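Good morning, colleagues. Please take a moment to look at the sequence and the structure on the screen before I begin.

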Amino acid sequence: MSENNWDNIGRQIKDTVDDAIYYGDFTNLSRSIGNIINDTIDTVKGTAGGKRQQRSAEQTAGSAGASRPASAALYETRPGGRIVSILMCVFGSILTVVFGICFIIFLIVVLAGGVPALAGMIFFAVLTVLALVPAVRGRVRLGLLRRYRRYLRVVQHSLNVPIRELADSTGKSLEYTTRDLLKMIEIHWFLQAHVDEEQHYLILSDEAYQSYLSAKGDYTARERQAAEARRQADETKRKDDGLSPECRRLIEKGEEYIRHIRACNERIPGAEFSAKLDQMEHIVARIFDVVRAHPEVAPDLDKLMSYYLPTTKKLLDTYQEMDCQPVAGENISSARHEIEEAVDTLNVAFEKLLDSLFEDKAWDISSDISVLHTVLAQDGLKEDAFKK
C-alpha cells in the first residue's frame, strides 16, 4: 500500500475520532475505523490485481518472499505446528492406551495378591500419565488451530472485529474466546493485534489501536471535564438556593460579564494583555463569590454593575475590533495602548473593591480580638499578667 493511501487512512481516522468524541459515541469507534481501512484495502487490492496478471513467472518467483498480502502483515495465514500436533495427539493416544492396558493388567495382578507386581503397576501408571500429556497438548493445539481458522474467516481484512462475532463463529463464550485471542496474540499468530480494555473488540493493527487509545483518552478527559463542570454547577446552584431573587439576578449578570472577559481573552492574542485579562477575570469572579457567600454586601456593588463592568465590556470590545484591523496606524496603536493602561487601572480598582467587601468583617474580627485581650487581662491569663 502506498504512503498516500496510508495518509488518507490517517486523515479519515482522525475525522472519525473527532466525530466520536463530539457525539460521545465511543462504542462504535473501532468498527468505523475498521470500515475505513477495509475500503482502502479493497481499493488497493483491486488495483494490484490487474498488475499482478502482467508479471512474468520469474518476477513473481523473485518477489514472492518480499511482497506479502495486506493480511500477512497483521496475522499468520498458515501458522505452524499442525503436523506436530497431529503426531503428538495420535502417538500420545496410542501410547496412553497401551500403557493404560498394561497398568490395568498389573493392577488386577496386585489386587489378586501379587504384591511383587506393584512396582510394574506404578511404572506403567507413570508411563500412562507421561503419554497422556502430549496427547492432550496435541488435541488442545489442534482445537486452537481449528478455531483460529474460523476466526480468520470472520476477520478477513478488517482492522477490528467484535469479539461477539468471533465467539458466535465457534459457539464459545465471550470469556473463552477472549482467552483464545490473548493466547493467539501471545504466540504471534496475530502479529499486531490488541484486545481493547473492555474486551469488546479485537483490534488487529498497532495504528488502529493507538487511534483507539488516543480517542479514549480524549473522551475520558472530556467526560472528566464535563463531570467537574456539572459538579461546580450543582455546587453553585446549591449556594444560590438561599439567595433573594435580586441577589441571584445580580450574580447572573456578573457571571455574564465574567464570561465576556474570558471570551475576549481567548480571541485577543498577546501574552501580556492576556495575563491582565486573566487577573481581571479572577478578581471579578472572587467579588461575586463573596456576594454569594455574604448577600448583605450586594448593595455595595451598585457602581460596579452600573458603570465599571459595562465600561470594561465596551473597552474590550473596542480593543478586539482594533486588533482585527490588518494595518495598525498611529491612532489605533495609541488607542490600544490607552485601553491596556485602563485595564491595569480597572484591575487595581477591582482589587480595592474586593478588599472593601471584607472591611466590616475585618472590623468585627478586630473588635472581637480586642475584647478577647481585655477578658484575658482581667482573668490574669495574658503573658504580661504572669510577668507581673
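I shall speak about charged pairs, the packing of two helices, and the nonpolar cores.

Let me say at the outset that this is a predicted model.

I begin with the charged pairs. As a general point, side chains of opposite charge can pair when their charged atoms come close. How many salt bridges does the structure hold? The number is 11, and I shall describe some of them.

Two of these pairs belong to helix H9. Glutamate 246 forms a salt bridge with arginine 249, and their closest N and O atoms are 3.9 Å apart. Both residues lie in helix H9, which covers residues 245-267, and they are three residues apart, about one turn of the helix. Are glutamate 246 and arginine 249 buried or exposed? Both of them are exposed.

The second pair in this helix joins glutamate 256 to lysine 253, with 3.7 Å between the closest N and O atoms. Glutamate 256 and lysine 253 are three residues apart in helix H9, so about one helical turn separates them. Glutamate 256 has a relative accessible area of 41% and is partly exposed. Lysine 253 is also partly exposed, at 37%.

The next pair reaches from one helix to another. Arginine 292 forms a salt bridge with glutamate 255, the closest N and O atoms being 2.8 Å apart. This pair links distant parts of the chain, 37 residues apart: arginine 292 is in helix H10, residues 271-293, and glutamate 255 is in helix H9. Arginine 292 counts as buried because its relative accessibility is 10%, under the 20% limit. Glutamate 255 is partly exposed, with a relative accessible area of 26%. Elsewhere, Glu197, Glu198 and Lys216 are joined into one network by salt bridges that share partners.

I turn now to the packing of the two helices. The axes of H9 and H10 come within 10 Å and cross at roughly 170°. The two helices are therefore roughly antiparallel to each other. Among the residues that make the contact are Leu250, Ile251, Gly254, Glu255 and Ile258 of H9, together with Val284, Phe288, Val291 and Arg292 of H10. By class, this contact has 12 nonpolar, three polar and five charged residues. Glu255 and Arg292, members of this contact, are also the salt-bridge partners I described a moment ago.

Next come the nonpolar cores. In soluble globular proteins, nonpolar side chains tend to be buried together. In this model, the largest nonpolar core has 33 residues, of which Ile287, Phe288, Leu301, Leu304 and Phe350 touch the most other members. The elements that give two or more residues to this core are H9, H10, helix H11 (302-323) and helix H12 (330-356). Which helix contributes the largest share of this core? That helix is H10, with nine residues.

Phenylalanine 288 deserves a closer look. Leaving aside neighbours within four places in sequence, phenylalanine 288 is in contact with Leu250, Ile251, Gly254, Ile258, Leu301, Leu304, Met305 and Leu309. There is also a second, separate core of 26 residues, which includes Leu159, Phe190, Ile203 and Tyr209.

I close with one further residue of helix H9, histidine 260. Histidine 260 counts as buried because its relative accessibility is 18%, again under 20%. Not counting residues up to four places away in sequence, histidine 260 touches Lys313 and Asp317.

Thank you for your attention.

Note on methods: Residues numbered from 1 in each chain as written. Predicted model: local features only at pLDDT ≥ 70, side-chain atom pairs only at ≥ 80, totals over all residues. Heavy atoms only, no water. Salt bridge = Lys/Arg side-chain N within 4 Å of Asp/Glu carboxyl O. Helix = DSSP H or I, 4+ residues; strand = E, 2+ residues; numbered from the N terminus. Buried < 20%, exposed > 50% of the residue type's maximum accessible area, 1.4 Å probe, protein only. Axes fitted to C-alpha atoms, helices over the stretch in contact; angles between N-to-C directions. Parallel < 35°, antiparallel > 145°, perpendicular 65-115°, else oblique. Contact = heavy atoms within 4.5 Å. Nonpolar A, V, L, I, M, F, W, Y, C, P; charged D, E, K, R; others polar. Core = buried A, V, L, I, M, F, W, Y, C linked by side-chain atoms within 4.5 Å.
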